[in-house]
Amino acid sequence: SFLRHTALGVGSLCIANSSWAGSRRISPNEKLNLAVIGVANQGASDMGQLESENIVALCDVDANYLTAAAQKHPGAKIYGDFRRLLEQKGIDAVLVATPDHTHAVAAVAAMKSGYHVYCEKPLTRTISECRKVMETARKTKRVTQIGTQIHGGDNYRRVVELVQSNAIGPVSEVHVWVGAVYGTKDRPQQGVPVPSELQYNLWLGPVAERPYSPDYVPRSWRNWWAFGGGSLADFGCHFMDLPHWALDLRTPITVEVLDGPPPRNEAVPPWMIVRYEYPARKSQPPVVLTWYHGGRKPSADVLAPEYTAKWNGGVLFVGKNGQLLSDYGRHLLLPEKQFEGFVRPAPFIPSSIGH
């Protein structure tokens, strides 16, 4: 409901200001005027890579974070409410780096206001929100990008080239694991006073009102379904990006939790094993992808313990003629003895210009 009404409200704002929203012509040699929603932690990291452009607006619900960011960008206007930021004239694009539960409302509102959008991963908290964001991007024809920066690295490119050049033969099985653990706490029952610097009602955004807890803000929100999706939502988009790219995977036919702790209404599962089944694609066979988190890893009959012990997170491609093991920055053909002297294909995926 919040998403729907926010979209309608900002839609009318866009019409009222259609003479300027999204209409500024930009020279190739001109700097972009950028706005940032969520200026701390990942948002601060992102801003560090945008120093070549003009940061003209900053928004955060925490006054301390906002003040610190404003000191680095004294020419920027500051806001506690992103809806007010979107009324500012002359913005070209908006970076959204809030917690997951406000990605959708901020991104949709920005696009409906005429602005291009970079949104941190995961794009949204739910599938329905994701569909709304994608639909809005298509309708508004805004330039968009998601914060999957690992995709821009050279390591993933070399892995994709090996898979697509058939180095390990047809791949029908993939295993993906991360060591991260969220969801070990029950929902806080007693509220404590809200810190004076925090606009907690704005931080909640579309989430139903609940007492403040330091277990939610500023860093632990991924433990709760209301705000995030735990380890799978945090790291799945990075690690599973690689098999989706290398094997041209799209929508799975089935997704099934194979094992995990008893579900709880509030907290995400601290560990889980999930199976995704993908159909055949042209000449490529069907693929079964198994996800593990919270200390669970592939069994010894899938990958030798000497490797699982050293790789806290990884992607294992199981091909007809061998295996390929990768993480963000390294990869390995297995069995190593079998691939001694292997001649790699010449690189055919160009390097990224920079995420």
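Me: Is C237 buried, partly exposed or exposed?
Reply: This is a predicted model, with local features needing pLDDT of at least 70 and side-chain atom pairs pLDDT 80 or more, while totals for chains, interfaces and linings use all residues. Numbering runs from 1 along each chain as its sequence is written, and side-chain values use heavy atoms, without hydrogens or water. Buried is under 20% relative accessible area, exposed over 50% and partly exposed in between (1.4 Å probe, protein chains only). At 23% relative accessibility, C237 is therefore partly exposed.

Me: Which cysteine has the sulfur closest to that of C237?
Reply: A disulfide needs two cysteine sulfur atoms within 2.5 Å. The closest sulfur to that of C237 is 11 Å away, so that's too far for a bond, and it sits in C119.

Me: And how far is the sulfur of C59 from the closest cysteine sulfur?
Reply: C59 is buried, with 4% relative accessibility. Its closest cysteine sulfur is in C119, but a bond is out because the gap is too wide, at 14 Å.

Me: So how many disulfides does that leave?
Reply: C59 fails on distance, and so does C237. By this rule, the disulfide count is zero.

Me: Within what arc do the buried residues of helix 3 fall?
Reply: Helix 3 spans residues 63–72 (helices are DSSP runs of H or I, at least four residues; strands are E, at least two; both numbered from the N terminus). L66, A69 and A70 are buried there. They line one face of the helix, because seen down the axis they fall within an arc of 100°.

Me: Which residues are exposed on the other side of helix 3?
Reply: The buried face holds L66, A69 and A70. Over on the other side, the exposed ones are Q71 and K72.

Me: Where is P218?
Reply: P218 is joined to V217 by a cis peptide bond, with omega about 10°. As for its place, P218 is in the loop between helix 8 and helix 9 (230–239).

Me: What is omega for the peptide bond from L334 to P335?
Reply: P335 lies in the segment after strand 13 (331–334). The bond from L334 to P335 is cis, with omega near -5°.

Me: What is the phi of K141?
Reply: K141 is in the loop between helix 6 (127–140) and strand 6 (144–147). K141 is exposed, with 65% relative accessible area. Although K141 isn't a glycine, its phi is positive, near 55°.

Me: What relative accessible area does D248 have?
Reply: D248 also isn't a glycine, yet has a positive phi of about 55°. You'll find D248 in the loop between helix 10 (241–247) and strand 8 (254–259). D248 is partly exposed, with a relative accessible area of 37%.

Note on methods: Arc of directions from axis to C-beta.
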